[in-house]
Amino acid sequence: MKNKSAILFAAMLLCHALPGAAQDTSKRAVTLPEVSVIELNSRPDDKFVQTPTQVVSVREMEQLGGTRLDDAVRQMSGVSLKDYGGLGGVKTVSVRGLGSQFSTLTIDGIAVNDCQNGQVDLGRYLLGNSSYITLANGQGDQSLQAARALAAGSVVNMETHEPEFGARPFRLSAGAEAGSFGYLSPTLAYEQRLGRKASLSLWGNYARSDGDYPFTIRYAQTGREGDSTSREIRENSQVRTGTADANLFYRFDSHRRLHVKAHYMQGFHALPGPVIWYRVKESDSHSEERLAFAQARYRKTGQRLDVQALAKYRRSDDAYEDSLGHGYPVRNEYMQREAYLSQTVRYHLEGDMQPEYFSLSLAADESASRMTSNLSRHSDVQRLAALAALTADYTAHLLPLFDGLKASAHLLGTWVRDYEPERCGDPHARLSPYAGLTYTRGDITLRYFFKETFRVPNFNELYYFTTEHALRPEKAAQHNLGLTYHGKTAHLGDRLRTRLGGTADAYRNHVSDKIIAVPTQNMYLWSMKNMGIVEITGADLTATASLYRADSNGTPPWQVDLSLGYSWQQAVDRTDPESKSYGHQIPYTPRHSGNAALIVQSPWVDLGYTLTLVGDRYYLEQNSAASRVPGYADHGITLSHDFPLGRRHTAPHTADTRSRLKVKAQVLNLLDKQYEVVRSYPMMGRNYRLALIIEI
């Protein structure tokens, strides 16, 4: 095993050395323009791609009132979001019924890994200094990707905003947001230009909430008027979090760029008890977490060779404490460490008719993870993992009929092995294929992809609170067939413009060896077993429309943007034909869901409106009236306006650096609908927020 690791690291270092050796040193004295061809922060294309990709810019989320990552993901199709209520409730995402462990969150293309449970709480990550959010089903469509991103069933990526400067070499932003139930969130951001090639950004946020929102307990489950009810207050829901983020951007020249990030988060989350039948279960539990990571991304593009190198070190300390416990106080402590290295090399083969019509890519990742705990069993577990992917991309240009045809395929190898002080586990190894096609004619693109995904059980499933350790990894086979339309801007008169777009995708996923939890002696002792087979069939539809009126110099004085999404999903259990749950919808997966977002920009006020629709779900494997969780509709509205302060200090063809005051008012759950995303954890009713931000 050690020899394999050494060989892999040597290969990665050799790949990193190749582009430096291939540089033309005779051109070093040439002064290059400051315009870069490496667009790390440019919004990716979400239409003409092999894998369905949805993109939401942070600017759009600001207009819609979103502040956290789960706010952005909630506006995307094909997503099932679990939310345990309130600002501090855990929020995990399942895409197309595959389960939250199949989804990977990346920040600037580098995965946020949790070896303990494989899930990432989206509510812990703020949009703050991000540029845009993407959700790619299957995998992203970028040319340079890490092997870990290629191994995921779906990828949510947050891209950090790179500073843009005008005449002044710095930008400062300070603001605060306050709202119902003791919510307060001040933010401070500073950006500084460091010469012609470098820039620095610093961002910090503190958020707190009492979480003591009211909710109604209904003592009869019929929902009819006249049923006896009581009004209660949510208790033990306090949240305190602090986040700091620092970024250094450096351009060596127009073809090479480096981005270094340091991130720290510390939080306290009280964990409220569930509302069970006629009472709120008493709870005095809470979690404490500290997370710190440093990461770097280097990219170089050339005529023949592109290179990406990623490195990351992560440390987290988590504690769960319950003073009530099960008759005695409980405090569980977990400490995670991970070192991660990735290298991707892409080589273009030129043709006579069109350059870069064929390319080969090699991505290799290696990581070492370790988790220690104060538990008596499996208190020290380590994991070594290596992934490598060979990818081929082809674009047809030789025949007119096939012009616009693009094909891509890769083969991903996964190797994972766990270690304990007195035990060495058997390695998990597998080859997983991917193949995709797109064919574009005019504004319409047809696309198809097939992918196999291989997920090794996480530490919780293998070692903690279980009585079964011989688990096989889960495997998922994904198929997707779809089309996209991205129309050109149409002129409706002298100044009126409109643009339409849309996507339609049908998919089928098959999950085998699905890991399920079965209670043994009581509800606190579980056994993890490979028993599950799930077949998922569904369709995602999206539509976008923009309408704007331009003034005499072409600048839109007002603009209307509308986006709609609808998802149908049938995710059924195919494990045991004799089981009572055979053919039933898997828990917390609605058959029907949808979303809408409307943004109206005008010289007077900007309006943002969001609608989230989720159909009925079931919280048990066996679907019945007793296990049904009713659907809901959640409306939100945001009003905002920017007030310029002072004169404009902007050089020609640069960003506007005029000082301004931003005012934003928001109403969430506009119709005061009480609903549950996860049974027994009621969500907040109508609540209000007001934000003031000064930019200098």
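The second largest cavity of this predicted model has a volume of about 510 Å³. Its lining consists of 28 residues, and those closest to the centre are Arg68, Asp71, Arg74, Asp634 and Leu668. Two helices, α2 (58–64) and α3 (69–73), each supply at least two residues of this lining. The strands β32 (606–614), β35 (632–645), β36 (659–668) and β37 (687–695) likewise each supply at least two. The largest share comes from β35, with four residues. By residue class, the lining of the second largest cavity divides into eight nonpolar, twelve polar and eight charged residues.

Over the whole structure, the search finds six cavities of 30 Å³ or more. The largest of them has a volume of about 620 Å³. Of the 31 residues that line the largest cavity, Thr104, Asn113, Arg148, Arg455 and Val456 are the closest to its centre. Two or more lining residues are given by each of the elements β4 (103–107), β20 (358–373), β21 (380–395), β22 (405–420) and β25 (444–455). The lining of the largest cavity comprises 14 nonpolar, twelve polar and five charged residues.

Thr104, one of the residues closest to the centre of the largest cavity, is also a contact of Ser154. Ser154 is found in strand β7, which covers residues 154–160. With a relative accessible area of 2%, Ser154 falls under the 20% limit and is therefore buried. When neighbours within four places in sequence are left aside, the contacts of Ser154 are Val95, Phe102, Ser103, Thr104, Leu135, Ala136, Asn137 and Gly138.

The largest nonpolar core contains 27 residues. Within this core, Leu69, Leu105, Tyr125 and Ile133 touch the most other members. Tyr125 is in contact with Arg68, Leu69, Leu105, Ile107, Val112, Val120, Met158 and Leu291, neighbours within four places in sequence again being left aside. Two of the partners of Tyr125, Leu69 and Leu105, are thus named among the core residues that touch the most other members. Another partner, Arg68, is one of the residues closest to the centre of the second largest cavity. Apart from the largest core lies another, of eleven residues, including Met371, Leu375, Tyr463 and Met528.

Aromatic ring pairs were also counted, and the total comes to six. In one of these pairs, the ring centres of Tyr250 and Phe252 are 4.9 Å apart and the ring planes stand at 75°, so the pair is edge-to-face. Tyr250 is partly exposed, with a relative accessible area of 29%. Phe252 also counts as partly exposed, at 29% relative accessibility. A further edge-to-face pair joins Phe252 to Tyr298, with 6.0 Å from centre to centre and 75° between the planes. Phe252 belongs to strand β13 (residues 239–253) and Tyr298 to strand β17 (residues 285–300), so this pair ties together parts that are 46 residues apart in sequence. Tyr298 has a relative accessible area of 15% and is buried, whereas Phe252 is partly exposed. Together, Tyr250, Phe252 and Tyr298 form one aromatic cluster.

How values were computed. Residues numbered from 1 in each chain as written. Predicted model: local features only at pLDDT ≥ 70, side-chain atom pairs only at ≥ 80, totals over all residues. Heavy atoms only, no water. 1 Å grid on protein atoms, 1.4 Å probe; cavity = no way out; pocket = protein on both sides within 12 Å on 5 of 7 lines; lining within 4 Å. Points joined across faces, edges and corners; volume = space filled by probe spheres on them. Nonpolar A, V, L, I, M, F, W, Y, C, P; charged D, E, K, R; others polar. Buried < 20%, exposed > 50% of the residue type's maximum accessible area, 1.4 Å probe, protein only. Contact = heavy atoms within 4.5 Å. Core = buried A, V, L, I, M, F, W, Y, C linked by side-chain atoms within 4.5 Å. Phe/Tyr/Trp six-rings, centres within 6.5 Å; stacked < 30°, edge-to-face > 60°.
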